[in-house]
Amino acid sequence: MTSWHATDEVAEALRDGRPVVALESTILTHGLAREPRAMSAKFVTAFPKWDANRPANLAAALGAEAAVRASGAVPATIAIIDGRVCVGLTSTQLEQFCANDGASKVSLRDLGSAIAHQRTGGTTVASTSCIAAMSGISLFATGGIGGVHRGWSKTLDFSADLMAIATHPVLVVSAGAKILLDLPATLEALETLGIPTLGFGSRFFPRFTVSPDQNLLLPDQVQDAAEAARVVAAHWSVRPSCGALLMQACPETFALPAEQTEHALETAMVDAQALGIRGAATTPFLLARLASSTNGQEVVEANLALLFANASLAAKVACAMSD
Ligand code: PSU
Ligand code: MN
């Protein structure tokens, strides 16, 4: 029997029909450092509660949860701990999870193995969407979703995130798709899969830490959380098992220009090929390279700023949906 565990706070909120927002955990196991990280004055001014004494991944998890709460919803960080599906983590669990350097990346295909073998792992957008949907949580905030990788016509590498969103009734709030992907192909795949993709206050396709591409247009946009809730409710009235996407650009003061990032990505992709990095290891490898490039500090700060903004927006939509 698979063991599921929701914290009391999450279980009670779900039982009472109060707004809940799921958060993923691969960003904690395979994205951010397990050491404390000093932030720029600009970042500290924007996020005065950032705890520079804690490991960066833990501070990020706490920051995302705080952003959800500040906007009126209950956060549910999702992870697999010793084979247990955890929906919401206590502060002790979160601390131990963020310190665990043996945690694996658990995407859809890995869920059953991780549970049966009692592993600990961070859930991707794909597996978090699945667990959120099974738990009755319909809002989920992340940084950037996975999508169609560059060179996909040879590798066939497109993220399980796409199929998972297409087959689970969850609204995923992100800053678009990760910049390392083939973004026009990702947009095509979203259309093929029938996933509604709404821009928040803009139709330009957001590019994660990089400012949006003004040549890539999303099919529709909404102006506020209430409108997003209405569109998604209408979508679920006709397609009750298909997820949807709400995308907002990285907060302007933290967004990076594309050129610099593209340059860092090109070298990173050459290195990935030389080192034989493939499959599930690709995204963590390329993102780690960006985070340690010359403007790595800005990359990390943009990543966090957009994560907190998405957590807050998801909470607002969750509140609008439960009204
Ligand atoms: N953030 C990171 N590193 C990651 C991811 C996010 O800093 O690896 C994860 C997300 O959870 C996303 C996944 O769902 O990468 C996509 O990976 P893939 O392309 O292998 O499906
Ligand atoms: Mn892949």
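## Two pockets in a predicted model

The second largest pocket has a volume of about 450 Å³. That value, like everything below, comes from a predicted model, so let us take this pocket first and then turn to the largest one.

Sixteen residues would be a fair list to click through: the second largest pocket is lined by 16 residues, and R150, T155, Q273, I277 and T282 lie nearest its centre. Three helices, α8 (152-155), α12 (258-274) and α13, each bring at least two residues to this lining. Of these, α12 provides the largest share, with three residues.

Now for the largest pocket, which holds about 690 Å³ of space. Its lining consists of 40 residues, and those nearest the centre are T26, K105, T124, T283 and P284. At least two lining residues come from each of α2 (26-30), α9 (160-167), α13 (282-291) and α14 (296-322). Here α13 gives the most, with six residues.

Helix α13 deserves a second look in the viewer: at least two of its residues line the second largest pocket, and six of its residues line the largest pocket.

The make-up of the two linings is set out below.

| Pocket | Nonpolar | Polar | Charged |
|---|---|---|---|
| Largest pocket | 17 residues | 15 residues | eight residues |
| Second largest pocket | five residues | seven residues | four residues |

In the lining of the largest pocket, then, 17 nonpolar residues stand beside 15 polar ones, while the lining of the second largest pocket has five nonpolar and seven polar residues.

Terms used
Residues numbered from 1 in each chain as written. Chains lettered and ligands numbered in written order. Predicted model: local features only at pLDDT ≥ 70, side-chain atom pairs only at ≥ 80, totals over all residues. Heavy atoms only, no water. 1 Å grid on protein atoms, 1.4 Å probe; cavity = no way out; pocket = protein on both sides within 12 Å on 5 of 7 lines; lining within 4 Å. Points joined across faces, edges and corners; volume = space filled by probe spheres on them. Helix = DSSP H or I, 4+ residues; strand = E, 2+ residues; numbered from the N terminus. Nonpolar A, V, L, I, M, F, W, Y, C, P; charged D, E, K, R; others polar.
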